[in-house]
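Me: Could you walk me through one small part of this model, residue by residue, and then show me what surrounds it? I would like one connected account that I can follow with the picture open.

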Amino acid sequence: LIKLSSGHTMPQLGLGTWKSEKGEVAAAVRHALSMGYRHIDCAAVYANEREVGHAISEAIAQGVVKRSDLFVTSKLWNNKHAA
């Protein structure tokens with residue numbers, strides 16, 4: 001675990017969603033959350049954020065996980081930084 005300045009602890013190990021096939025990433029996220037993963041790693045350039053988000057929403061609605069227990073990380077591509 002990594003201790004953040006907020007006092008929260010974040011898992012170092014998370015499910016990576018890079019190169020996940022369309023239609024398969026949601027199942028992977030749901031399964032990871034059901035197995036105890038609480039860190040999901042994403043990026044806009046992966047183009048699967050909507051599917052990942054739906055899987056997270058479903059898991060929350062089903063009581064598998066609380067949003068307050070999740071860490072969803074992302075990356076900002078260099079050409080997306082403001083000047």
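Reply:
**A loop and its surroundings**

Let's start with Ala-44, which counts as partly exposed because its relative accessible area is 49%, and exposed begins over 50%. Please keep in mind that this is a predicted model. Ala-44 sits in the loop that runs between S4 and H2. If you set aside residues up to four places away in sequence, Ala-44 touches Glu-49, Ser-74 and Lys-75. Lys-75 is worth picking out: Ala-44 and Lys-75 are 31 residues apart in sequence, yet their C-alpha atoms are 7.2 Å apart in space.

Now step back from the loop into strand S4, which covers residues 39-41. S4 belongs to an open sheet of three strands in the order S3-S4-S5, and the pairing is parallel. The edges of that sheet are S3 (15-16) and S5 (71-73), each of which pairs on one side only. Between S4 and S5, which run parallel, there are three bridges. You can find one partner pair by looking for Ile-40, whose bridge partner in S5 is Val-72. In general, strands of a sheet pair through backbone hydrogen bonds, in either a parallel or an antiparallel way.

His-39 is another residue of S4 to look at. It is buried, because its relative accessible area is 8% and buried means under 20%. The side chain of His-39 has polar company on two counts. One of its polar atoms lies 3.1 Å from the backbone oxygen of Pro-11, and a polar contact of 3.0 Å joins the side chains of His-39 and Thr-73. Leaving aside neighbours within four places in sequence, the residues in contact with His-39 include Met-10, Gln-12, Leu-13 and Gly-14, as well as Leu-15 and Phe-71.

Asp-41 leads us on to Thr-17, since the backbone oxygen of Asp-41 lies 2.8 Å from a polar atom of the Thr-17 side chain. Thr-17 is found in the loop between S3 and H1, and it is buried, with a relative accessible area of 1%. Not counting residues up to four places away in sequence, Thr-17 touches Ile-40, Asp-41, Cys-42, Tyr-46 and Asn-48, among others. Its contacts also include Val-25, Val-29 and Val-52, and these three all turn up again where the two helices meet.

The loop between S3 and H1 also holds Gly-23. Is Gly-23 buried or exposed? With 58% relative accessibility, Gly-23 counts as exposed. The C-alpha atoms of Gly-23 and Glu-51 are separated by 7.8 Å, although the two residues are 28 places apart along the chain.

Glu-51 takes us to the helix pair. Helix H1 (residues 25-34) packs with helix H2 (residues 49-61) at an angle of about 35 degrees, and their axes are 8 Å apart. The crossing of H1 and H2 is right-handed. On the H1 side, the meeting residues are Val-25, Ala-26, Val-29, Arg-30 and Leu-33. Facing them, H2 brings Glu-51, Val-52, Ala-55, Ile-56, Glu-58 and Ala-59. By class, the contact of H1 with H2 has eight nonpolar, three charged and no polar residues.

To close the loop, so to speak, return to Ala-44: among the residues it touches is Glu-49, and residues 49-61 make up H2.

Note on methods:
Residues numbered from 1 in each chain as written. Predicted model: local features only at pLDDT ≥ 70, side-chain atom pairs only at ≥ 80, totals over all residues. Heavy atoms only, no water. Pairing = 2+ DSSP bridges. Helix = DSSP H or I, 4+ residues; strand = E, 2+ residues; numbered from the N terminus. Axes fitted to C-alpha atoms, helices over the stretch in contact; angles between N-to-C directions. Left-handed = near helix turned anticlockwise from the far one by under 90°. Contact = heavy atoms within 4.5 Å. Nonpolar A, V, L, I, M, F, W, Y, C, P; charged D, E, K, R; others polar. Buried < 20%, exposed > 50% of the residue type's maximum accessible area, 1.4 Å probe, protein only. Polar contact = N/O pair within 3.5 Å; in protein donor to acceptor, adjacent residues only side chain to side chain.
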